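Here is a briefing on a protein–DNA model. Please go through the contacts by topic.

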Protein chains: 2
Amino acid sequence: MFDDVIRSFAELDLRPGQYSVLAVVGHRPGLKQSSVAAALGIQRANFVALINALERRGLARRSAVPNDRRSYALHLTAEGERVLARANARAAVVEARLDAKLGPGGRARLLSLLRRLGAHG
Amino acid sequence: MFDDVIRSFAELDLRPGQYSVLAVVGHRPGLKQSSVAAALGIQRANFVALINALERRGLARRSAVPNDRRSYALHLTAEGERVLARANARAAVVEARLDAKLGPGGRARLLSLLRRLGAHG
DNA sequence: TATTGTTATACTCTATAACTATA
DNA sequence: TATAGTTATAGAGTATAACAATA
């Protein structure tokens with residue numbers, strides 16, 4: 001299933017981790033670099049190369065934060081928004097395939113069970 | 001959940017992949033090295049270091065196969081059986097924790113849904 | 001003192017190509 | 001020709017320590 005996701009994004013030259021960054025930054029523009037990393041469970045040391053690559057490709061950009069010269073705020077470029085939209089479309093196709101396999105209500109039942117696994121205690 | 005498994009085996013100095021090898025070889029002694037690798041979805045090139053480590057620790061051993069001098073048959077040593085038994089006990093504890101989180105019948109429902117995800121088509 | 005971004009480094013898992021010795 | 005085991009190598013992903021700039 002994860003390989004299916006990887007193949008699906010490969011045509012956009014996007015790794016799953018890169019897609020998750022685009023999705024978070026697209027949904028909440030202006031978040032600090034380390035906040036995005038934390039939201040995705042990525043350590044900030046490892047996040048640097050990730051955001052570097054997206055910035056080099058012109059999909060995301062760092063911008064200065066007023067009142068805190070240590071931080072960068074992250075935004076998508078117009079091209080980044082376009083790539084994110086195309087990736088979302090592909091993700092929807094993968095999800096539809098999953099739903100077809102799981103049957104009606106299957107996804108909700110699966111997510112409910114998986115949430116319990118993550119519950120603390 | 002996977003981190004829980006890793007922590008649980010760490011006290012036996014066993015990685016999840018090593019445990020899976022012990023489990024397969026313990027359950028079906030005499031399988032060829034490449035059959036065990038294939039059964040676990042591990043490429044034979046990467047399996048070499050894995051089985052080397054288990055053999056060096058005295059948990060598993062390679063033995064000659066009659067009529068095919070290319071192959072090795074894999075078996076557990078007495079110590080390997082003991083470590084496997086202790087690992088199985090720890091795995092049972094982890095499983096009990098999972099069952100407690102999932103509730104009655106939860107595991108069966110979860111496995112049923114996951115099996116559908118793996119179904120071809 | 002603590003935090004942000006960064007670099008360097010190391011370890012695990014995985015993937016591929018190529019070799020050898022057998023079949 | 002094909003297969004079993006092996007070696008070498010490279011790429012991701014991830015983890016920790018340490019540093020400079022800033023708070």
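Around DNA strand C there are 18 residues, and A:Ser34, A:Arg62, A:Arg70, B:Gln43 and B:Arg69 come nearest. A residue counts as near a strand if one of its heavy atoms lies within 4 Å of it. This is a predicted model; local features need pLDDT of at least 70, side-chain atom pairs count only at pLDDT 80 or more, and totals for chains, interfaces and linings use all residues. Residues are numbered from 1 along each chain as its sequence is written, chains are lettered from A and ligands numbered from 1 in the order in which they are written, and side-chain values use heavy atoms, with hydrogens and water left out.

**DNA strand C**

- Sugar or phosphate holds 58% of the strand C atoms within 4 Å of the protein, and bases hold the rest.
- The side chain of A:Arg62 places an N or O atom 2.8 Å from a phosphate oxygen of strand C. A polar contact is a pair of N or O atoms within 3.5 Å; within protein, one must be able to donate a hydrogen and the other to accept it, and residues adjacent in sequence count only if both atoms are side-chain atoms.
- A:Tyr72 uses a polar backbone atom, 3.0 Å from a phosphate oxygen of strand C.
- From chain B, an N or O atom in the side chain of B:Gln43 is 3.2 Å from a phosphate oxygen of strand C.
- Helix 3 (33–39) and helix 4 of chain A, together with helix 4 of chain B, each give at least two residues to the surface near strand C. Helices (H or I, at least four residues) and strands (E, at least two) are DSSP runs, numbered from the N terminus.
- Helix 4 of chain A gives the largest share of that surface, three residues.
- The surface near strand C has four nonpolar, six polar and eight charged residues. Ala, Val, Leu, Ile, Met, Phe, Trp, Tyr, Cys and Pro count as nonpolar, Asp, Glu, Lys and Arg as charged, and the others, Gly among them, as polar.

**DNA strand D**

- Strand D has 18 residues around it; A:Gln43, A:Asn46, B:Gln33, B:Ser34 and B:Arg70 come nearest.
- Of the strand D atoms within 4 Å of the protein, 60% are sugar and phosphate.
- A polar side-chain atom of B:Gln33 lies 2.7 Å from a phosphate oxygen of strand D.
- For A:Gln43, a side-chain N or O atom is 3.1 Å from a phosphate oxygen of strand D.
- B:Tyr72 brings a backbone N or O atom to 3.0 Å from a phosphate oxygen of strand D.
- Helix 4 of chain B supplies the largest share of the surface near strand D, three residues.

**Chain B against chain A**

- The contact (heavy atoms within 4.5 Å) takes 14 residues from chain B and 14 from chain A.
- The two chains bury about 1300 Å² between them, 71% of it on carbon and sulfur atoms. Buried area is the accessible area (1.4 Å probe) lost when two parts are put together, summed over both.
- B:Lys101, B:Leu113 and B:Leu117 supply 47% of the area that chain B buries against chain A.
- Zero salt bridges (a side-chain nitrogen of Lys or Arg within 4 Å of a carboxyl oxygen of Asp or Glu) are found across this interface.
- Four residue pairs are in polar contact there, both at pLDDT 80 or more.
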